[in-house]
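Me: I would like to learn how to read strands and cysteines in a model, one feature at a time. Could you guide me through it?

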Amino acid sequence: MSTQELFAEPNLKQITVWARGVVMNKDARDIVVALTEAAAKEGKYVQAWENYVDLPDRIYVPVRAYARISSDPIESRYVYENENPDIVVVVEETLVKGVPILKGIKPGSTLVVNTRRSIDTILEFLGDTGNLARIVTVDANSMAQAVMTLSGAEGATDATGIGAGIAAPIAGAVVKATGIVDIDNLAAVVKNPAAMRRGYEEAQIRELPAHEVVEEVAVTAKELLKQMPFAGTVPSPQVENEGMVTGNWRIQRPVLNPEACTQCWTCWISCPDSCITMSDDGPAFNLKYCKGCGLCTAVCPSGAISRVPELDFKN
């Protein structure tokens with residue numbers, strides 16, 4: 001029995017916010033806290049928390065924060081993850097590529113993406129949108145700056161305030177698309193209400209064609225156990241391992257200019273994840289594992305390696 005079957009809560013709304021570890025933890029947390037505090041002003045039952053399964057202390061790793069809002073007491077309050085979100089928020093645009101952001105979404109759900117790119121471009125990376133009913137884009141980075149701080153992390157007191165950075169316009173876009181809370185209640189909660197209202201006004205919304213409802217088949221614990229290797233052994237990390245792919249951590253990818261490369265191999269020596277190999281044409285990047293740290297670009301003495309936004313590439 002799934003938690004969806006166990007807790008039938010028709011008035012419950014689940015919100016899942018995807019972000020990047022360390023550099024965007026604060027803004028992801030601010031979005032769920034701002035929305036739930038605004039909902040609490042309306043007498044709703046609420047929850048807001050972060051997912052520590054996602055290793056949020058790793059820079060750029062995909063991480064999630066969750067919110068639940070309901071007019072009734074939340075029966076599933078001890079279920080750790082939002083298995084069937086109504087609203088999915090993407091704080092950093094490259095998370096639409098290679099990250100299962102739409103997994104488990106309910107029919108009629110909404111996706112909000114912080115990006116300056118067009119809705120058509122974002123749809124190219126999503127593929128089958130399944131139960132998604134609408135997609136929203138907002139260029140929050142042009143309205144505020146990301147807040148990088150550990151204040152408020154892991155349940156600590158937040159001394160910086162809620163919604164001072166890009167969380168404010170993103171939350172405003174969520175409200176415009178869904179009406180999940182009253183805009184004035186949200187303005188009373190966030191530290192930057194002007195940016196929040198700008199996000200509300202400038203958010204672009206597109207309704208998607210109706211789909212046949214997609215029912216996802218859950219994998220049972222017994223089936224997962226059968227998939228585990230003998231005695232829990234894991235292939236050596238010194239070779240390719242599909243269970244260790246980290247390319248979806250990357251915001252920018254390294255691109256080589258062969259004409260400028262002197263094949264000094266400083267990048268090969270410096271790569272912390274051994275993602276660079278020697279070839280006759282110069283350094284070759286293994287993009288399945290490259291996290292986009294930029295160290296190769298920094299150490300290249302001839303300036304032959306540049307960093308290019310990941311969404312500039314379809315592959």
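Me: Which residue stands opposite Tyr66 in S3?

Reply: Trp49 stands opposite Tyr66 in S3, and Thr16 also stands opposite Tyr66. Before going on, note that this is a predicted model, in which local features need pLDDT of at least 70 and side-chain atom pairs count only at pLDDT 80 or more, while totals for chains, interfaces and linings use all residues. Residues are numbered from 1 along each chain as its sequence is written, and side-chain values use heavy atoms, with hydrogens and water left out.

Me: Which strands pair with S3, and over how many bridges?

Reply: Strands are DSSP runs of E with at least two residues, numbered from the N terminus, and two of them pair if DSSP finds at least two bridges between them. Here S1 (residues 13-20) runs antiparallel to S3 and is joined to S3 by eight bridges, whereas S2 (residues 45-50) pairs with S3 in the antiparallel sense over six bridges.

Me: How many residues of S3 are buried?

Reply: Buried means under 20% relative accessible area, with exposed over 50% and partly exposed in between, using a 1.4 Å probe and protein chains only. In S3 (residues 62-70), nine of nine residues are buried, with Tyr66 on one side and Val63 on the other among them.

Me: Why is Cys275 not bonded to Cys271?

Reply: A disulfide is a covalent bond between the sulfur atoms of two cysteines, and the rule used here asks for a pair of cysteine sulfur atoms within 2.5 Å. The sulfur of Cys275 lies 4.4 Å from that of Cys271, its closest cysteine sulfur, which is too far for a bond. Cys275 is buried, at 4% relative accessibility. By this rule the count is zero disulfides; Cys261 is in none, and its nearest cysteine sulfur, that of Cys267, is 6.6 Å away.

Definitions and conventions:
Helices (H or I, at least four residues) and strands (E, at least two) are DSSP runs, numbered from the N terminus.
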